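Colleague: I would like a close look at a single part of this model, the central sheet and what surrounds it. Please work outward from one strand and keep to what the coordinates support.

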Amino acid sequence: MNYRDQLPGEPRSSEGMWDRLSQVAVKGAEHDSRERLPHPKCLEGTRVDLLNHIHGLVDHICKSRLIWLHGTAGVGKSAAAFTVAERMRGLKVATHRTMEKRLAGTFFFSRKHTKRSTTGYFFATLAYQLAVNFPSIREDVNEAIHENPALLDSDKSLRDQMEALFLRPLRALQFRLRDYPPPVFVIDALDECTSEDEVALLISLLGQALREAELPVFHMLLTSRSEAHIRKAMQKEEMLPVVCEIPVKISGEGVASIISLDGADVDNDICIFLEHSFKELQSRHTDFPQPSKDELARLASRAGRRFIVASTMMKFIDDGDNDPRDRLRLMLELTSELLPGTEVYKFYDGILSTCAEPKKAYMHLSIVAALADPLPISQISKLL
């Protein structure tokens, strides 16, 4: 019997409330969920400046922040989010405690999954993860659900969900966490939420939470594409004190540098990614010759500073059905005459031209392009 079946006045067990929350929390939204395999992550030696900058921001102990990492599709935002989440999971709030990791919760939005394309399960999912990480607040969460079981309905007021399931437990941690490194929440791909109104409301509520004085200092890393409705919500006057935007110009010792997702340094990072991928390929095909440095540099430059394009290159070369040596030669031919600014489009056009039935491939893609609810870039990449 769950709480909906109980008779009026019958006591609801704390364990029953917890079980109900565990059922509602979206496990696939967690950063390391099996639903998201393979997990995108930054290879060692790549995105060093970007990651160091983010790590410095989340170590700030005086003021809560919303760290907004944004950029165009395919530049590696999710990989950065996953990498930061993994690092925070490996750090404890206090060294003498067995649990209580600095990673307090994650929610990775996805347009193709119903429960991950809405904010309706957002605070219930974070509350569940927060209470798992900090068992001392589990009773606060249970009590909130006991008082108002409708909080777990996805159509319930987002403001009410935040107050009862998120802010109330966090307030209980204010004094205990005062002298420890701040907990961190990682929210990825907010643009994958299908309702612009929901997105605007969530940003506003998160800003309110980050400004509340009765909460412990905590940080949120939030990634998205540079969508107009997200930027508009982030740039409201009340958000300015808590939002830290990346890419952003930062200065140090008189030298200005740009922390960016698609700056010139990304070409070298993509070279590292390609070199790593080719070595993995060679471990399975011992007769596969490693590309020269010039060839690696050419492939990297033609990726247009988008990791998703470099990843597609490798999937084309290592497709499991063709000789990777032939596919590499073909890839080098495809990229030999491309021009900056058009390389991505012509690159995909070249791939399609190698299909056994290119006309059928174009027909399928024209249907995808005409969908009323367009596929996200990651799904189009898989299709290609």
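Modeller: What follows starts at one strand of the sheet, moves to the helices and the nonpolar cores, and ends with three single residues.

The model is predicted. The protein chain has 15 helices and 7 strands, and of its 384 residues, 47% are buried. Contacts between residues at least 6 apart in sequence join residues at least 24 apart in 74% of cases.

The sheet comes next. Five of the strands form an open sheet with parallel pairing, in the order β2-β3-β4-β1-β5. β2 and β5 (243–246) are the edge strands; each has a single partner strand, so one side of each lacks a neighbour in the sheet. From one strand to the next, the twist averages 15 degrees.

The strand to look at is β3, residues 184–188, which pairs with β2 in the parallel sense over 5 bridges. Two positions show how these strands line up. T106 stands opposite V186 in β3, and F107 has I187 as its bridge partner in β3. On the β4 side, the pairing with β3 is again parallel, over 4 bridges, and F185 stands opposite M220 in β4. As background, strands of a sheet pair through backbone hydrogen bonds, either parallel or antiparallel.

How many of the residues of β3 are buried? The count is 5 of the 5, so the strand is largely enclosed by the rest of the structure. In a regular strand, side chains alternate between the two faces of the sheet. Both faces of β3 are covered: V184, V186 and D188 are buried on one side, and F185 and I187 are buried on the other. Since buried here means under 20% relative accessible area, each of these five residues falls below that cut-off.

Now the helices. α3 packs on the sheet, where it touches β1 (65–70), β2, β3 and β4 (219–224). The direction of α3 makes about 155 degrees with that of β2. Helix α7 covers residues 196–211. At 1.5 Å a residue, its 16 residues should span 22 Å, and the end C-alpha atoms are 23 Å apart, which agrees. The buried residues of α7 are V199, L202, I203, L205, L206, G207, A209 and L210. They pack against two strands, β1 and β4, and against the helices α4, α6 (158–171) and α8 (228–234).

Nonpolar side chains tend to be buried together in soluble globular proteins. In this model the largest nonpolar core has 59 residues, and those with the most contacts inside it are F122, F166 and F218. Helix α4, residues 122–133, gives the most to this core, with 8 residues. A second, separate core has 26 residues, including F278, L299, A300 and I351.

F218 ties several of these elements together. Leaving out neighbours within four places in sequence, F218 is in contact with S64, R65, F166, L170, P182, P183, F185, A209 and L210. Among these partners, F185 belongs to the buried residues of β3, while A209 and L210 belong to those of α7.

Three single residues complete the picture. S110 lies in the loop between β2 and α4. S110 is buried, since its relative accessible area is 9%. With neighbours within four places in sequence set aside, S110 is in contact with R116, S117 and E192. S110 and D188 are 78 residues apart along the chain, and their C-alpha atoms are separated by 8.9 Å.

E100 is in the loop between α3 (77–89) and β2 (103–108). Is E100 buried or exposed? At 6% relative accessibility, E100 counts as buried. The side chains of E100 and R176 are joined by a polar contact of 2.3 Å. Not counting residues up to four places away in sequence, E100 touches K92, V93, N133, F134 and R176.

R325 is found in helix α12, residues 324–336. With 32% relative accessibility, R325 counts as partly exposed. Beyond its neighbours within four places in sequence, R325 is in contact with D287, F288 and P289. R325 and P291 are 34 residues apart in sequence, with their C-alpha atoms 9.9 Å apart in space.

Notes
Residues are numbered from 1 along each chain as its sequence is written. This is a predicted model: local features need pLDDT of at least 70, side-chain atom pairs count only at pLDDT 80 or more; totals for chains, interfaces and linings use all residues. Side-chain values use heavy atoms; hydrogens and water are left out. Buried means under 20% relative accessible area, exposed over 50%, partly exposed in between (1.4 Å probe, protein chains only). Contact means heavy atoms within 4.5 Å. A nonpolar core is a set of buried Ala, Val, Leu, Ile, Met, Phe, Trp, Tyr and Cys residues joined through side-chain atoms within 4.5 Å. A polar contact is a pair of N or O atoms within 3.5 Å; within protein, one must be able to donate a hydrogen and the other to accept it, and residues adjacent in sequence count only if both atoms are side-chain atoms. Two strands pair if DSSP finds at least two bridges between them. Axes are lines fitted to C-alpha atoms, for helices over the stretch in contact, and angles run from 0 to 180 degrees between N-to-C directions. The expected span of a helix is 1.5 Å times one less than its number of residues.
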